[in-house]
Structure formats: structure tokens, C-alpha cells
Amino acid sequence: MSVLYLSSTIHSAGDEIAVSIFTFLFRIAIMCVPLGVISVFLYERFRKVKSKQKTLGAALATQLLELAHAKGGTLTIPEVSMNTDLSLEESEQVLDSLVKRNFVNLRVSKSGAVLYDFPRIA
């Protein structure tokens with residue numbers, strides 16, 4: 001009789017461990033599925049925003065080149081601001097970023113105006 005009791009005790013302890021492991025894995029799955037869904041959602045939003053930024057960047061570059069061509073290859077911050085949807089600060093940031101990448105040359109006129117020269121446009 002005691003052998004049977006010992007055997008059933010070991011068996012129930014094994015079942016208890018199996019249930020504990022199953023419960024642990026189930027809880028992890030319940031936590032990971034929502035995190036996975038949220039991660040996929042955020043990644044897709046990030047990808048769409050980056051794609052939109054590239055499209056806007058290309059459109060802005062085209063607009064700036066057309067404006068520079070119309071103005072004889074030289075632009076000022078107020079000209080960019082007036083002819084685009086950019087504020088004065090944003091216009092300055094865009095033009096300064098073009099200077100840093102050596103697409104545009106910066107110079108100051110005799111009157112003190114800051115001019116941005118597009119060397120390939122004349």
C-alpha cells in the first residue's frame with residue numbers, strides 16, 4: 001500500500017510541475033502577444049512617417065531648386081519662407097543643412113543680407 005501512495009505522490013508532484021510550467025508559458029504568451037501586436041503597429045507607423053518625410057523632402061528640394069532657378073541661383077531666408085510652407089526658422093534650417101552638405105554656398109552681401117548661392121544654377 002505504501003508503494004502505491006509513494007507512486008501517486010510522485011506522479012501528482014510531476015503533474016503539479018507540468019501545470020506550473022504550462023501556466024508560466026501561458027502567462028508569457030498572454031503578455032507577448034499584445035506586445036508583438038503593438039510593436040508591429042508602431043513599426044508600421046514609423047515606416048509610413050519615414051516614407052512621408054522622404055516624399056516631402058523630395059518635394060521641398062524640387063521646390064527650392066525651381067525657386068533658385070527663378071531667382072538666378074541665389075536665395076534668401078525670407079524668399080524661401082514666402083514661397084514655401086516653411087517658417088523663417090525652418091527655412092534657415094533647411095538652407096543651413098544644404099550648406100553643411102556642400103550643395104549651397106553661404107555668403108553675406110555688402111548690405112549684410114545672408115545669401116545662399118546654388119552654384120550649379122545660374
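The paragraphs below lead from the sheet of this predicted model to its loops, its core and its largest pocket.

The sheet is a good place to begin. It is open and has three strands in the order 1-3-2, with antiparallel pairing. Strand 1 (74-75) and strand 2 (105-108) stand at the edges, and because each has a single partner strand, one side of each is left without a neighbour in the sheet. Strands of a sheet pair through backbone hydrogen bonds, either parallel or antiparallel. Here strand 1 and strand 3 (residues 114-117) pair in the antiparallel sense over two bridges, while strand 2 and strand 3, also antiparallel, are joined by four bridges. Tyr116 in strand 3 is a useful residue to find, since Leu75 stands opposite Tyr116 and Leu106 has Tyr116 as its bridge partner.

Two residues with positive phi can be located around strand 2. In the hairpin that strand 2 forms with strand 3, where five residues lie between the strands, Gly112 takes a positive phi near 95°. Asn102, found in the loop between helix 3 (88-100) and strand 2, has a phi near 60°, a positive value in a residue other than glycine. Most residues other than glycine have a negative phi. Is Asn102 buried or exposed? With a relative accessibility of 67%, Asn102 counts as exposed, because the cut-off for that class is over 50%.

From the sheet, Leu75 leads on to the nonpolar core. Leaving aside residues up to four places away in sequence, Leu75 touches Leu64, Leu67, Ala68, Val80, Val114, Leu115, Tyr116 and Phe118. The largest nonpolar core has 15 residues, and those with the most contacts inside it are Leu64, Leu75, Val80, Leu95, Leu98 and Phe118. Helix 1, helix 2 (77-83) and helix 3 are the elements that give two or more residues to this core, and the largest share, four residues, comes from helix 1. In soluble globular proteins, nonpolar side chains tend to be buried together.

The last feature to look for is the largest pocket, which has a volume of about 380 Å³. Its lining is made up of 15 residues, and those nearest its centre are Ala61, Leu65, Leu98, Arg101 and Phe103. Leu98 is thus named both for its place in this lining and for its contacts inside the largest nonpolar core. Helix 1 (2-70) and helix 3 each supply at least two residues of the lining, with helix 1 giving the most, five residues. By kind, the lining residues divide into ten nonpolar, three polar and two charged.

Key:
Residues numbered from 1 in each chain as written. Predicted model: local features only at pLDDT ≥ 70, side-chain atom pairs only at ≥ 80, totals over all residues. Heavy atoms only, no water. Pairing = 2+ DSSP bridges. Buried < 20%, exposed > 50% of the residue type's maximum accessible area, 1.4 Å probe, protein only. 1 Å grid on protein atoms, 1.4 Å probe; cavity = no way out; pocket = protein on both sides within 12 Å on 5 of 7 lines; lining within 4 Å. Points joined across faces, edges and corners; volume = space filled by probe spheres on them. Nonpolar A, V, L, I, M, F, W, Y, C, P; charged D, E, K, R; others polar. Core = buried A, V, L, I, M, F, W, Y, C linked by side-chain atoms within 4.5 Å. Contact = heavy atoms within 4.5 Å.
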